[in-house]
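Here's a quick tour of one protein chain, starting with the overall build and then zooming in on a small sheet and a helix beside it. Have the viewer open as you read.

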Amino acid sequence: MSEPATPWTRADPTLARGVPDETPRRERAAAGTPLYVHLPFCAAKCHYCDFFSVPAEGHDRAAMIAAILREAELFAPRAPRTVFFGGGTPSLLSIAELTMLLDGLDRITGFRGAALEVTAECNPESLDRDKARAFLDLGVRRLSIGFQSLHDDVLKLFGRVHGVDDSFRAFEAARAAGVQELNVDLIYAVPGQTAEAWSTDLTRVLRLGSEHLSAYNLTFEEDTVFRRWLEQGRLAKSPEDVELDLFELTRELTRAHGLEAYEISNFARAGHACEHNLNYWRNGEYLGIGPSAVSKQGTRRLGNVKAIGAYARRIQETGNALHWEEDPPASTRLAESWWLGLRLAEGVSAREAAERARFEGDDSAARKLAGELEEQGLLERQEDRLRLSARGLPLGDWVAKRFLDTLS
Ligand code: SF4
């Protein structure tokens, strides 16, 4: 999946996850805290993907669900504001397995009556009308479908197990079942992709009329097949000028079809932005359960072990599957609050950045840097809020690095 269910796995350039000497500990999350549930099973491993997932076959899925529910009993918030089932491929679970998981989670958290938004990530090969209906009946109101490409040869290159027709069939099945909140995930800047080809594909998807679209520039993450192919010269990155053309084309076409760019890679009709992900970009707290899931509590980030067997065993034996934690210095937290907030169309003010970071010192270095970037035309101001300008948007990662290098 490419929707940033846990943005720290991809977007955080500060991550240097040290494994502490003692097992990290966390508290039960406060009522209302957003809840992320990581379901680690996929039909196959996509060649670009660095999320933690394993083949669905040959694993005890019932035991995994039992472990996730046990972890929820110990740590999940009551009445989470948002719930996001990511992975992995949540739609790969059978309706009976989903019922066990979602009924159990509702007993523990009461999410069905409380959450503003409940999302599940789905892949076309495992989403049909019955599954979509089951999601709705079980309290999931928003489905995110991984189309990724409209070309069967590219899907094959990606290592996906579905075809283009399956994606459209899954979308129509979800609509026919009555799902009113749909996201489509796409990846662009595929080697050899032209602006004309992307324009045709994106327009075809936009005509479906989804409430939300996530469109990501292809990345070559560490420990992926694509990174290895890149290093071996079997794959080449798209030239930067092509990436920029495709990025700008994406913003133009989405706008023309009534979707607002509320974050660098995320587009929504008014009132349909993903609340769960907005909380990440606003640097809010969240609780993650399931193998590899990350939580943010106070100023700390904590992550579960990235292994199916070890996760289930540790939950069963001690109730605690945490494997790492980090408590970044206040200046790093401030840098993060700035660069995350600047990615949003709503922007961020200096006061908000400091509050979100729980930063109480002198933030003049951050304000000075923001002023310099504004003078260079990379940031633009709306009253006391700043955000990336049209010129700065494609340079979002570079701006993030400037904040981290200057403040950390
Ligand atoms: S479906 Fe592919 S991209 Fe999504 S989590 Fe599984 S391996 Fe990763």
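Counting up the secondary structure, the protein chain has 15 helices and 17 strands. Its radius of gyration is 21 Å, close to the 22 Å that the globule rule gives for 408 residues, so the chain is as compact as a globular protein of that length. Keep in mind that this is a predicted model.

If you want a box for the C-alpha atoms, roughly 55 × 50 × 45 Å along the principal axes will do. Of the 408 residues in the chain, 45% are buried. As for contacts with a separation of 6 or more, 74% of them are between residues 24 or more positions apart.

Now for the small sheet. Three strands make up an open, antiparallel sheet, and their order is β15-β17-β16. β15 (348–349) and β16 (379–382) are at the edges with a single partner strand each, so one side of each has no neighbour in the sheet. Here is how the two pairings look:

| Strand pair | Bridges | Direction | A bridge pair |
|---|---|---|---|
| β15 and β17 | two | antiparallel | Val-348 opposite Leu-386 |
| β16 and β17 | four | antiparallel | Leu-379 with Leu-388 |

The strand that both pairings share, β17, covers residues 385–388. β16 and β17 also form a hairpin with two residues between the strands, and in that hairpin Glu-383 takes a positive phi near 55°. If you're checking backbone torsions, that's one to look up, and another comes right after a helix: Arg-358 follows α13 and has a positive phi near 55°.

That brings us to α13 itself, which spans residues 350–357. Which residues of this helix are buried? They are Ala-353, Ala-354 and Ala-357. Looking down the axis of α13, you'd find its buried residues within an arc of 95°, so they line one face of the helix.

And what covers the buried residues of α13? The cover includes two helices, α12 (330–342) and α14 (364–375), along with strand β15. This ties the helix back to the sheet, since β15 is one of the edge strands described above.

Conventions: Residues numbered from 1 in each chain as written. Predicted model: local features only at pLDDT ≥ 70, side-chain atom pairs only at ≥ 80, totals over all residues. Pairing = 2+ DSSP bridges. Rg over C-alpha atoms; globule rule 2.2 N^0.38 Å. Buried ≥ 20, exposed ≤ 12 C-beta atoms within 10 Å, placed from the backbone. Contact = placed C-beta atoms within 7 Å. Arc of directions from axis to C-beta.
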